[in-house]
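The following report describes a protein assembly, beginning with the fold of one chain and moving on to a single residue and to the relation between the copies.

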There are 2 protein chains.
Amino acid sequence: MTSSDAKVLSHGPLSDDEARWIKLTKITYRDPAGTTRTWESAERRTRPATTDIDGVGIVAILDKPSGKEIVLQKQYRPPIDMVTIEVPAGLMDPGESPEQAAVRELREETGYVGVPSQTSPVMFNDPGFCNTNLRMVHVTIDMSLPENQELKPQLEDGEFIDVFTVPLADLWDECKNFEAQGYAIDARIGTLAEGILIASQLS
Amino acid sequence: MTSSDAKVLSHGPLSDDEARWIKLTKITYRDPAGTTRTWESAERRTRPATTDIDGVGIVAILDKPSGKEIVLQKQYRPPIDMVTIEVPAGLMDPGESPEQAAVRELREETGYVGVPSQTSPVMFNDPGFCNTNLRMVHVTIDMSLPENQELKPQLEDGEFIDVFTVPLADLWDECKNFEAQGYAIDARIGTLAEGILIASQLS
């Protein structure tokens, strides 16, 4: 079977008592003019107390003779009942640095062994709606290492991930192609592609 | 007063009965191996039935003699109790196309009058956590129009937005600077900056 066989069977309301992973929060705040107002927000319950981020996204670029390619994955995502095109990503474990989480998640999800080279600012996924956030960690992959030639991902029970690569220069067009084929585009990879497109129009 | 005077006063649990804008959902799904599992998701209650997206983000680039600059804004966001650096953005009104929403929101939030030039695939903000999504719409701004020389934003009650521009070529460094100054970086602008950075390393 493949990710495209996965499917939502039913969905319904989830009470605060029953929810284990996420929650709704009612916020009372003072606005910039001094008026007291309320706002509704969603949060994860899983962010470790040792960190200020929920997770990391990983930018892993392979230096191939034909040009640079980015490591992507296909993964079924129940909240949208679609298979997404995403960068490798995952939630923080307690005590980890963003770079440690990135190296661990990249190895678990794709099999690639890499070295962190750059870490982004904290990025907020949808800050009018929720507090979820991540850092993007850029990881360098030495393709001469035996581990990177014969990939051995270590997926958890219930995790189904197809790993592939796309030429960076074609990323925007590839995102449009993937959407036309019925895939969902994760915001990180879509906006990264958009940045590459805009840079090509800069000069 | 400015956005930096805004502040969370209190927060607590929000029940499904009380929530008006957002909700939690319990999903039962069949995974790619055929096993039935459950997942927790957050959703907006406000997506119009006429569309498949919650909102739009707007890439508005000004062609200045010194180089291209992107229109950004500072806005206090209660879910994270911080002032974000974001692209102009907003929720869809019923019956609108993404391009109509982008032109309307850009005018309301910044005063700039523009013409849509390109629309992204649907991008999912955090598809392991929620179903919220948007399209990015690129808007061309004719700086010779009088409306674009004397900006007249039309903010709603309770909306406080500071509009500014940043040179596109410096966007990654500027994101790091803004974070060092205590601002939160929205994922769209952070990842767009990352794409521009990566493109500069492509050749």
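Read from the N terminus, chain A of this predicted model follows the order β-β-β-β-β-β-β-α-β-β-β-α-β-α, which amounts to 3 helices and 11 strands. The C-alpha trace of chain A extends over about 60 × 45 × 40 Å along its principal axes. Of the 203 residues in chain A, 54% are buried, and the accessible surface of the chain comes to about 8600 Å², with 47% of that area belonging to carbon and sulfur atoms. When contacts in chain A between residues at least 6 apart in sequence are considered, 61% of them join residues at least 24 apart. Chain A carries 19 positive and 33 negative charges, and the mean positions of these two sets lie 5 Å apart.

**The surroundings of D31(A)**

Where in chain A does D31(A) lie? This residue is found in the loop that connects β2 (22-30) with β3 (36-44). D31(A) counts as buried because its relative accessible area is 0%, which falls under the 20% limit used for that term. Two polar partners of its side chain are set out below.

| Group of D31(A) | Partner | Distance |
|---|---|---|
| side chain of D31(A) | backbone nitrogen of A33(A) | 2.7 Å |
| side chain of D31(A) | side chain of R37(A) | 2.6 Å |

The side chain of D31(A) thus reaches the backbone nitrogen of A33(A) and also makes a polar contact with the side chain of R37(A). Leaving aside residues up to four places away in sequence, D31(A) touches R37(A) and, in chain B, A6(B), G158(B) and F160(B). R37(A) is therefore both a polar partner of the D31(A) side chain and one of the residues that D31(A), buried at a relative accessible area of 0%, touches beyond its sequence neighbours.

**The relation between the two chains**

Chain B is superposed on chain A by a rotation of 180° with 0.0 Å of shift along the axis, and the RMSD of this superposition is 0.0 Å. Such a rotation is the relation of a two-fold axis. Which residue of chain B comes closest to the rotation axis? By its C-alpha atom it is G195(B), at 2.0 Å. Because 100% of the interface residues of chain B are also interface residues in chain A, the copies meet through the same surface.

Notes
Residues numbered from 1 in each chain as written. Chains lettered and ligands numbered in written order. Predicted model: local features only at pLDDT ≥ 70, side-chain atom pairs only at ≥ 80, totals over all residues. Heavy atoms only, no water. Helix = DSSP H or I, 4+ residues; strand = E, 2+ residues; numbered from the N terminus. Buried < 20%, exposed > 50% of the residue type's maximum accessible area, 1.4 Å probe, protein only. Contact = heavy atoms within 4.5 Å. Areas by Shrake-Rupley, 256 points an atom, 1.4 Å probe, with all protein chains shown as cover. Lys, Arg positive; Asp, Glu negative; His and termini not counted. Charge placed at Lys NZ, Arg CZ, Asp CG, Glu CD. Polar contact = N/O pair within 3.5 Å; in protein donor to acceptor, adjacent residues only side chain to side chain. Least-squares fit on C-alpha atoms with pLDDT ≥ 70 in both.
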